[in-house]
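Trainee: Please pick one part of this structure and go through it closely. Work from the local backbone outwards, and say what can be stated about the surroundings as well.

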Amino acid sequence: MLQASQIVTLVGQITKAPGMTSQIGQCLNTVLVSLALQQDLDLVKRQATITLTTGSSPTTFNLPPNYLRARKFWYPVNASIFTMDPVPLEQILTQYNGSSVVDYPYWFATDTNTANNLGYVYPNPVVTLTATMIYFDTAVEIVTPETSSTVPWYPDEDYLINETARRMMRITDDTRQLSFKQDSDETQRRTLRLLNDPEGRAVCVKRDPMTFRNSQNVKPTKVEGGW
């Protein structure tokens, strides 16, 4: 696998701009960030353990510092797994959150516009819960890629070289931009088709969790023998 500095060197040769390594490195990082923002790729999927405490209204928690968006959020109760469904933030903030509103949470929302990215769950936990979140990572940039020995997280080197070169061509006014874009688009299409490991699973249509809740999401109180 090519290191970031090797990709920068190759792009410098392709674009006839070997002295613009800093700009090439910046273009490489924009490619890596764009891929993470636009695609839910298993390569940047992470796992975090989050403690949901009682006593606050509404219940908030700190998201991982590199949080981009969540894939799944769940917690165990007596060896049974209960999944919380994602809802818009305003859906939670406009719910009644008095001290009497305590239960096992079934909704969560996130707010990434604050200094410390916050998550919310509703209703407030009746007991302290240890939850697990699968989420996608924003920390995909490489520090000073023009000199870095780091291997970029995206495995398709051909795409990274072509797309970084295309973005540099916008700076150098290279007339080959269009042909490089066509090449990058085709390479990306072929790679993304098989990049996430589907393990032979069929793609299923899911019902709206706000309206339909499956058997896995019955109230935890039912599991514990409550009402």
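Mentor: Helices here are DSSP runs of H or I with at least four residues, strands are runs of E with at least two, and both are numbered from the N terminus. The model is predicted. With the numbering fixed, a loop can be placed by the elements on either side. A79, for example, is in the loop that runs between strand 3 (67-77) and strand 4 (80-83). A79 is not a glycine, yet its phi is positive, at about 70°. Its relative accessibility is 80%, and exposed means over 50%, so A79 counts as exposed.

The part I pick has a residue of that kind at its centre. D173 is placed in the loop between helix 4 and helix 5. Its phi is near 55°, again a positive value in a residue that is not glycine. D173 counts as exposed because its relative accessibility is 63%, with the cut-off for that class at over 50%.

Next come the two helices that this loop lies between. Helix 4 covers residues 157-172, and helix 5 covers residues 177-195. Their axes come within 9 Å of each other and cross at roughly 150°. Angles over 145 degrees count as roughly antiparallel, so helix 4 is roughly antiparallel to helix 5. The crossing in which helix 4 passes helix 5 is left-handed.

Now the charged side chains, starting with helix 5. K181 and D185 both belong to this helix and are four residues apart, about one turn. A salt bridge links K181 to D185, with the closest N and O atoms 2.8 Å apart. K181 has a relative accessible area of 37% and is therefore partly exposed. D185 is also partly exposed, because its relative accessible area is 37%.

Helix 4 has charged pairs too, and E163 takes part in two of them: salt bridges that share partners join E163, R166 and R167 into one network. Between E163 and R166 the N to O distance is 2.6 Å. These two residues are three apart in helix 4, about one turn. Between E163 and R167 the N to O distance is 3.0 Å. Here the spacing in helix 4 is four residues, so about one helical turn separates E163 from R167.

As for burial in this network, E163 has a relative accessible area of 4%, and since buried means under 20%, E163 is buried. R166, at 12% relative accessibility, therefore counts as buried as well. R167 is buried, like E163. The helix 4 network is thus made of buried residues, whereas K181 in helix 5 is partly exposed. For context, a search of the whole structure finds nine salt bridges, among them the ones described here.

A second helix pair gives a useful contrast. Helix 1 (residues 4-14) and helix 2 (residues 21-38) have axes 9 Å apart and pack at an angle of about 115°. Helix 1 and helix 2 are therefore roughly perpendicular to each other. Their crossing is right-handed, while that of helix 4 and helix 5 is left-handed.

Some loops elsewhere round off the surroundings. P123 sits in the loop between strand 8 (118-122) and strand 9. The peptide bond that joins Y122 to P123 is cis, with omega at about -5°. The C-alpha atom of P123 is 10.0 Å from that of S100, although 23 residues separate the two along the chain. S100 itself is in the loop between helix 3 (89-93) and strand 6 (102-103). Because its relative accessible area is 58%, S100 is exposed.

V127 lies in the loop between strand 9 (124-125) and strand 10 (129-137). Its relative accessibility of 36% means that V127 counts as partly exposed. Together with V102 and V126, V127 makes a nonpolar surface patch of about 200 Å².

To return to the chosen part: the loop between helix 4 and helix 5 holds D173, with its positive phi near 55°, and the two helices are roughly antiparallel.

Note on methods: Residues numbered from 1 in each chain as written. Heavy atoms only, no water. Patch = residues over 30% accessible without salt bridge, like charges linked within 9 Å, V, L, I, M, F, W, Y side chains within 5 Å. Areas by Shrake-Rupley, 256 points an atom, 1.4 Å probe, with all protein chains shown as cover. Salt bridge = Lys/Arg side-chain N within 4 Å of Asp/Glu carboxyl O. Buried < 20%, exposed > 50% of the residue type's maximum accessible area, 1.4 Å probe, protein only. Axes fitted to C-alpha atoms, helices over the stretch in contact; angles between N-to-C directions. Parallel < 35°, antiparallel > 145°, perpendicular 65-115°, else oblique. Left-handed = near helix turned anticlockwise from the far one by under 90°.
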